[in-house]
Amino acid sequence: MIEVREAITKKELTEFVKFPFQLYKDSKNWVPPIITDEVESFNKNTNPVFETADAHFYIAYKNNKAVGRMAAIINWTEVEKQRIKKVRFGWWDVIDDVEVTKALLKKVEAFGEKNHLDYIEGPMGFSNMDKVGVMTEGFDHLGTMVTWYNFPYYKDHLEQLGYVIEKEYNESEFYLDDVNPKYFSKGSELVKKRYGVKGLNFTKTKDLMPYVDQMFALFNEAYANLSSFVSITDAQIAFYKKKYISFINPEYIKFVVDKDDNVIAFGIVMPGFAEALQKAKGKLFPFGFIHLLKAKKQSKSAVFYLVGIHPEYQNKGITAVLFNEFYKVFSEKGVNHFIRTPELSDNAAARNMWKHFNPQVFVMRRTYRKNL
């Protein structure tokens, strides 16, 4: 018999976070989170995402043993302002038993029906800052700290239960050795002269912090037209600044500003933390933080996390300025392998932006939906 219980207390949420550690214990490609960080992100008293969202965290048990987990989420900004009457599911991990997935999804569906919503979609998080999509291809590749990994049977469970494809995402990789800098080095100088813009580079986190609020405001503006986008609030911006910026080598954050020092473009690249997180095994202490610090400074792999261009400057070659600065720093540091985080497969603008990098798709993802 399958029993589904809600995780509410810190102890229960810790069990929720720890479940995949057992499920993927023999996987070479799953990348674990830091347990305390993940638990804290589900704290409704400290994470400002809960000012505009509701969530329930469920654990499924069979013979009193945990066999699956799933979060049920309503983003009220999406529902009330965008009129998208959707309940989300995320943080889904499960043994290969479709009845367990069915029991978990029933909880999410009931949450949506109770709030008079129209459909369910997932896996996805609270907003576009969270992980998205169930893997459908690329299971033999190492994951990243900003994506979910899963076994091949996950999509089969959803399809057996009547869920249909809603959105498709691609992850691609490229190597600096394959990049010809002529495509953006000359263009960078032309763009800077034509529009009076310049690139900003940093070596210290404290020096880039005054620009971070502008960056997130631009993030909201630049991504507003994407069908899946929900803007983040000022409180969430403050939370993300504290949570993420210190993780990133400041040399891996680039801004382009206009003549008045307004941020019109940004790029954020995360050092390759995957192997370091595997070594940390979910814990910062006693040695986990050492692995992460080493990766922050020495990893030869990196993840292009976010790139944003102000709508008024899109299609004007501003990316040439960003990419030229990135090329210089990565060439100097010997960073050669790059991964792009999941992008909607129908996002032609994103594909065009990377056309000179010879990117190769290596992971495919989907979200699935079902009407309530």
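Angles between helix axes under 35 degrees count as roughly parallel, over 145 as roughly antiparallel, 65 to 115 as roughly perpendicular, and the rest as oblique. This is a predicted model, in which local features need pLDDT of at least 70, side-chain atom pairs count only at pLDDT 80 or more, and totals for chains, interfaces and linings use all residues. Residues are numbered from 1 along each chain as its sequence is written, and side-chain values use heavy atoms, leaving out hydrogens and water.

**Stop one: two helices.** Select 205-222 and 234-244, which are α7 and α8 (DSSP runs of H or I, at least four residues, numbered from the N terminus). Their axes lie 10 Å apart at an angle of about 135 degrees, and α7 and α8 are therefore oblique to each other. Now show Met209, Val212, Asp213 and Phe216 of α7 with Ile237, Tyr240 and Lys241 of α8: these make the contact (heavy atoms within 4.5 Å).

**Stop two: cis bonds.** Move to Gly122 and Pro123, joined by a cis peptide bond with omega about 0 degrees. Pro123 sits in the loop between β5 (119-122) and β6 (134-137), where strands are DSSP runs of E, at least two residues. Next, select Phe285 and Pro286, whose peptide bond is also cis, with omega near 10 degrees; Pro286 belongs to the loop between α9 and α10.

**Stop three: an unusual phi.** Finish at Trp91 in strand β4 (residues 86-94). Trp91 is not a glycine, yet its phi is positive, about 45 degrees. Most residues other than glycine have a negative phi, and most peptide bonds are trans.

Key: Axes are lines fitted to C-alpha atoms, for helices over the stretch in contact, and angles run from 0 to 180 degrees between N-to-C directions.
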